[in-house]
Amino acid sequence: MPDPIVIVGAGQAGVALAAKLRALGYLDPLILIGEEPVPPYQRPPLSKKYVSGELEVDRLLIRSRSWYAEQGIELRLSTRVVALSPGEREVTLSDGSRLRYRQLALATGARPRCLPSEIGGALRGVATIRNLADADAIAPHLQAGRQLVVVGGGYIGLEAAAVAAGKGMQVTVIEAAERILQRVAAPETSSYFRDLHRRHAVTLHEAVGLERLAAVEDRVASVLLKDGTTLQADLVIVGIGVVPNDDLAREAGLRIENGIAVDAQCRSSDPEIFAVGDCAGFPWRGTATRLESVQNAIDQAEHAAGAMLGAAAAYDPVPWFWSDQYDVKLQIAGLNRGYDQVVVRPGKRPGSQSVWYYRQGALIAVDAMNDALAYAFGKKALEGGKSIPPAIAADAAADLKSAIG
Amino acid sequence: MPKVTWILGNGKEISAEVPVGHNLMEAAVAKNVPNVIGECGGCLSCATCHVYVDPDWYAKTGVPDEMESDMLEITLAERKPNSRLSCQIKAVPELDGLILRVPQI
């Protein structure tokens, strides 16, 4: 038997890579290794419909349980890769066994950044949301009347706030930056979501740092802010970003730059090792770019599958993202990095609007709030390498369809 | 459980009994129906679960709402009057026997 292709990490990227290798006709052994005990599942619903109890675990699965065997993919769950030896083309697993590979793909994802334990980050009742186990641990505490403090006003934190407010909790979001969503969106989008959360009785503290979490016995009981405010807390959810899981690659001596550095073919500094998804930094518009999204996980993985089998095309995505909060669907097309102009387009329904980002006059991204048409045409324009002039985007009466021809 | 049949571009048929309340994108993914992808998990953000509802069934599945109709603007295959995003069709007993055609992409 030839050595297998080994994929480390059984999330969206790992599964998409395995599926695409088979679809492209790769017939030799293929091993997909995942740390968690459950078959690969979708993470986005964890902070939304899953934690709120609207979806059971089987409905999160990316593929049916039988699919892996049907495809000849050996799925090894509850297994960690603890070491990588590129020279021997070998990985060491958590049970001590070793596995030789023909090619290796790292789809190891990212992990939530935690609050330091010195300020209470390790107390009971302090949670992050990344895995099924995290969501399962949080779900029983989402109860009406209890108090939740969300640390970090990014998408994950705001989604958790929305679910908790929907359950009747008293919710406070604290954000150290000047405004919520500062890292990812323009002030116009921040203010849309600030208003939305306020209408749902969520309290927002922006531009104020966290001093520390205080406990009663070993369980969090309150949150102290730098401005002297004290917030009571039965539960603290921390959403302050993620860190790429690049340790294996780093220890193996692979080049690291904003995650595991890969080229446009998803190849790392070792020609037999590829990296995809949240853990991989790839060249995009001149910058080592790391995207944390389902779109990137799937598209980059499918791209890597081709590259592993010899294709030479460059990965050049139009990124897209989404978030659901209350009855608002946010859809984002493109990446707003380096924007120098923003226009707002009112939507055709109450509460629908879109925010259009430009750099040097060219469209680079759209945030669409309950406005799928703006998202659809913004995405279409970006995919076609076209722009929609700011004056047209800002004019609710102007037809977007004809603007992109 | 209502039985749903997907007819692929090559004429091949795949059928499944779908639990009531599940949407027909997730049902298709569970049955490995090619070209029904559901990248966004059914939250109306990707339009990769596009299907054509058999004309005899279209009235029973209902018409797309405004958001879905907007998303149908970016399907890979041509939008037709009977186009739907299958994540927005929920299995109900009245849909027993439903036929969906999967676009060739």
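## Contacts between chains and the strands of chain B

In this predicted model, 14 residues of chain B and 19 residues of chain A take part in the contact between the two chains, two residues being in contact if their C-beta atoms, placed from the backbone, lie within 7 Å. On the side of chain B that touches chain A, helix H1 (24-30) and helix H3 (66-71) of chain B each supply at least two residues, and H3(B) gives the most, with three residues. By class, that side has seven nonpolar, three polar and four charged residues; here Ala, Val, Leu, Ile, Met, Phe, Trp, Tyr, Cys and Pro count as nonpolar, Asp, Glu, Lys and Arg as charged, and the others, Gly among them, as polar.

Helices (H or I, at least four residues) and strands (E, at least two) are DSSP runs, numbered from the N terminus. Strand S1 (residues 3-7) of chain B has a covered face with B:Val4 and B:Trp6, and an uncovered one with B:Lys3, B:Thr5 and B:Ile7. In a regular strand the side chains alternate between the two faces of the sheet. The pairings of S1(B) follow, where two strands pair if DSSP finds at least two bridges between them.

| Partner of S1(B) | Bridges | Direction |
|---|---|---|
| S2(B), residues 13-17 | five bridges | antiparallel |
| S5(B), residues 98-101 | four bridges | parallel |

From the covered face, B:Val4 stands opposite B:Ala16 in S2(B), while B:Trp6 stands opposite B:Leu100 in S5(B). The hairpin of S1(B) and S2(B) has five residues between the strands, and B:Gly11 takes a positive phi near 90° there.

Residues are numbered from 1 along each chain as its sequence is written, and chains are lettered from A and ligands numbered from 1 in the order in which they are written. In this predicted model, local features need pLDDT of at least 70 and side-chain atom pairs count only at pLDDT 80 or more, whereas totals for chains, interfaces and linings use all residues.

How values were computed:
Buried ≥ 20, exposed ≤ 12 C-beta atoms within 10 Å, placed from the backbone.
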